[in-house]
Amino acid sequence: MDKISTTEAALGFIRKIDDTIHCGNNVYISHKAYDNAKNDAHKNEKADKLLSGYSAFVRNVAMSIIGAETLMKSSVTGKKCNRLNTTPKEKLDPKLVGAVYGIFEYYLKTEKQFNEVDIALHKKHVGGYIAQKCCDVNRKKSTKPQNTDGINDILIPEITETTGTPTESASEEDEGGDDKDGTDDDKNGTDDDKVSTDESSSESAEEDNQSNQI
């Protein structure tokens, strides 16, 4: 376990000048961040998830003390994971890890009223909680939405109500052309009927003249 140095201030000391709380090893986080971690832990405890409450507290203060970027590229031990066979990551700064242990101890002592034995028992899980937070941060990075730069460069043809789609306009013109041709055909047919009528009238007139002559 990492040694906690509290020579400069006691664990939980509130520095009023900037409203920060001492976590140990001369590491401070904002008092608000500490309160948020407590509230998150309390929510998990109300949902009958006592151990999840402790885990939530440690993971939240680890984010405040160590930072997401460092958690992403580091591990608690710095050793290779045999199960996943991954490349070893840089070991987290023992000073910062010790500060996480320190503020968790303060939380258990003041908020939970635990004795030294119970505190020591729960502190054994801190390394696992921090490792879980490292995994969470890397998981969020891997599921980050892909960059969509350039999507607006795709041109989409505009369709207005007055012109309609090109296909519809072409169809209407074709249909209109067919109607016009049909009208011309009807007109030609009428003219043919008129010529035939005139020829019939001429023939009838000639027959009447011949009958009169006889």
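Start by selecting cysteine 23, which sits in strand E2; strands here are DSSP E runs of at least two residues and helices are H or I runs of at least four, both numbered from the N terminus. This is a predicted model, in which local features need pLDDT of at least 70 and side-chain atom pairs count only at pLDDT 80 or more, while totals for chains, interfaces and linings use all residues. Residues are numbered from 1 along each chain as its sequence is written, and side-chain values use heavy atoms, with hydrogens and water left out.

**Stop 1: strand E2**

Cysteine 23 is buried, with a relative accessible area of 0%. Buried means under 20% relative accessible area, exposed means over 50%, and partly exposed is in between, using a 1.4 Å probe and protein chains only. Now show what surrounds cysteine 23: not counting residues up to four places away in sequence, it touches Leu11, Ile29, Ile65, Gly98, Ala99, Gly102 and Ile103. A contact here means heavy atoms within 4.5 Å. For a distance to draw, try the C-alpha atoms of cysteine 23 and phenylalanine 104, which are 8.3 Å apart although 81 residues separate them along the chain.

Step back to histidine 22, also found in strand E2 (residues 20-24). Is histidine 22 buried or exposed? Its relative accessibility is 0%, so histidine 22 counts as buried. Its side chain makes polar contacts, meaning pairs of N or O atoms within 3.5 Å; within protein, one atom must be able to donate a hydrogen and the other to accept it, and residues adjacent in sequence count only if both atoms are side-chain atoms. The side chain of histidine 22 reaches the backbone nitrogen of glycine 24 at 3.5 Å, and one of its polar atoms lies 3.1 Å from the backbone nitrogen of asparagine 26.

Follow that second contact to asparagine 26, in the loop between E2 and strand E3 (27-30). Asparagine 26 has a phi near 60°, a positive value in a residue other than glycine. Most residues other than glycine have a negative phi. At 36% relative accessibility, asparagine 26 is partly exposed.

**Stop 2: helix H4**

Next, select residues 94-110, helix H4. At 1.5 Å a residue, its 17 residues should span 24 Å, and the end C-alpha atoms are 24 Å apart, so the two agree. The expected span is 1.5 Å times one less than the number of residues. At the start of H4, a side-chain oxygen of aspartate 93 comes within 3.0 Å of the backbone nitrogen of lysine 95. Colour the buried residues of H4, among them Val97, Gly98, Ala99, Tyr101, Phe104 and Glu105.

Past H4, glutamine 113 lies in the loop leading to helix H5 (116-123). Glutamine 113 has a positive phi near 55°, and at 60% relative accessibility it counts as exposed.

**Stop 3: serine 74 and the cysteine pair**

Go to serine 74 in strand E4 (residues 74-75). Serine 74 is buried at 4% relative accessibility. A polar atom of its side chain lies 2.8 Å from the backbone oxygen of threonine 70. Leaving out residues up to four places away in sequence, serine 74 touches Lys89, Glu90, Leu92 and Cys134.

How many disulfides does the structure hold? There are 0 disulfides, a disulfide being a pair of cysteine sulfur atoms within 2.5 Å. Cysteine 134 is in none, and its nearest cysteine sulfur, that of cysteine 135, is 6.8 Å away. Cysteine 134 is buried at 6% relative accessibility, whereas cysteine 135 is partly exposed at 45%.

**Stop 4: arginine 59**

Select arginine 59 in helix H2 (residues 50-66). Beyond its neighbours within four places in sequence, arginine 59 contacts Tyr129, Gln132, Lys133 and Asp136. The C-alpha atoms of arginine 59 and valine 126 are 8.9 Å apart, with these positions 67 residues apart along the chain.

**Stop 5: the whole chain**

Zoom out and colour by pLDDT, the predictor's confidence in each residue from 0 to 100. The chain averages 75, and 57% of the residues score at least 70. Over residues 148-180 the pLDDT is below 50, and beyond near neighbours in sequence this stretch has 4 contacts. Residues 209-214 also stay under 50, with 0 contacts beyond four places in sequence.

The chain has 7 helices and 5 strands, running β-β-β-α-α-α-β-β-α-α-α-α from the N terminus. Of its 214 residues, 25% are buried.
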